[in-house]
Amino acid sequence: MFKRIFLALRGHIAGRALFNTKLNYVGRNITVQANKSNIHFARSVSVQDNVFIQGNGTFTVGEKCIIKRDAYIICSKGEFRMGNNSGIGKRCEISVNGGSITIGNHVRIASNVFITNANHDFSETGKPIMEQGVVTRDVVIEDDVWIGHGAIILPGVRIGKGAIIAAGAVVTKTVEPLAIVGGNPARFIKSR
């Protein structure tokens with residue numbers, strides 16, 4: 001009983017200090033390098049140990065979501081949005097560099113998943129890649145999607161409602177609703 005009360009108090013106090021709102025649960029060693037006015041987390045959100053949130057973009061996380069330990073969410077500019085009842089697994093990295101990454105409701109993201117909406121421009125062969133900037137294309141993950149361990153979601157991808165991304169898949173193009181995809185690059189396996 002005492003432990004439950006202590007954790008609730010820590011969620012309220014640390015949540016207000018780090019995210020400008022009381023949260024359901026806040027773990028230890030949370031790093032937030034972002035403007036608190038750009039962070040909009042619902043009160044029922046849980047953030048586990050060693051989570052890192054950085055950037056000048058906007059972060060919005062809905063009701064009853066969880067961000068598990070050692071996750072990185074980097075939004076240097078643009079917008080990161082996550083709907084209700086969704087979860088980001090351990091050691092995931094989500095990188096927004098302009099534009100947006102949108103995660104719907106009831107989305108399960110397993111551990112070690114990487115999601116980005118930006119890639120280096122490399123169109124000019126006479127110029128170093130690092131000097132060519134980045135190309136940004138929004139990523140949308142619709143409701144009720146399950147993304148397996150170690151999957152990679154690349155810029156411009158839309159994952160349809162109810163789809164399943166197999167462990168280790170590298171998703172480079174749109175996934176239809178209720179599709180199961182896997183492999184590198186990810187290919188259609190079957191419909192649910």
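This report covers a sheet, a nonpolar core and one buried threonine in a predicted model.

## Basis

The model is predicted: local features need pLDDT of at least 70, side-chain atom pairs count only at pLDDT 80 or more, and totals for chains, interfaces and linings use all residues. Residues are numbered from 1 along each chain as its sequence is written, and side-chain values use heavy atoms, without hydrogens and water.

## Sheet

Nine strands (DSSP E runs of at least two residues, numbered from the N terminus) form an open sheet with mixed pairing. Their order is β1-β4-β7-β9-β11-β16-β19-β21-β22. Pairing requires at least two DSSP bridges between two strands. β1 (25–26) and β22 (187–191) each have a single partner strand, so one side of each lacks a neighbour in the sheet.

β11 (108–109) and β16 (146–147) run parallel, joined by two bridges. Arginine 108 has tryptophan 146 of β16 as its bridge partner.

## Core

The largest nonpolar core (buried Ala, Val, Leu, Ile, Met, Phe, Trp, Tyr and Cys residues joined through side-chain atoms within 4.5 Å) has 47 residues. Those with the most contacts inside it are Phe41, Phe80, Ile88, Ile147, Ile159 and Ile165. Strands supplying at least two core residues each include β8 (72–82) and β10 (93–103).

Contact means heavy atoms within 4.5 Å. Beyond four places in sequence, isoleucine 165 contacts residues including Trp146, Ile147 and Ile159.

## Threonine 116

Threonine 116 lies in β12 (114–116). Threonine 116 counts as buried because its relative accessibility is 6% (the cut-off is under 20%, with a 1.4 Å probe and protein chains only). Beyond four places in sequence, threonine 116 touches Ser95, Ile101, Val139, Ile153, Leu154 and Pro155.

Notes: Helix = DSSP H or I, 4+ residues; strand = E, 2+ residues; numbered from the N terminus. Buried < 20%, exposed > 50% of the residue type's maximum accessible area, 1.4 Å probe, protein only.
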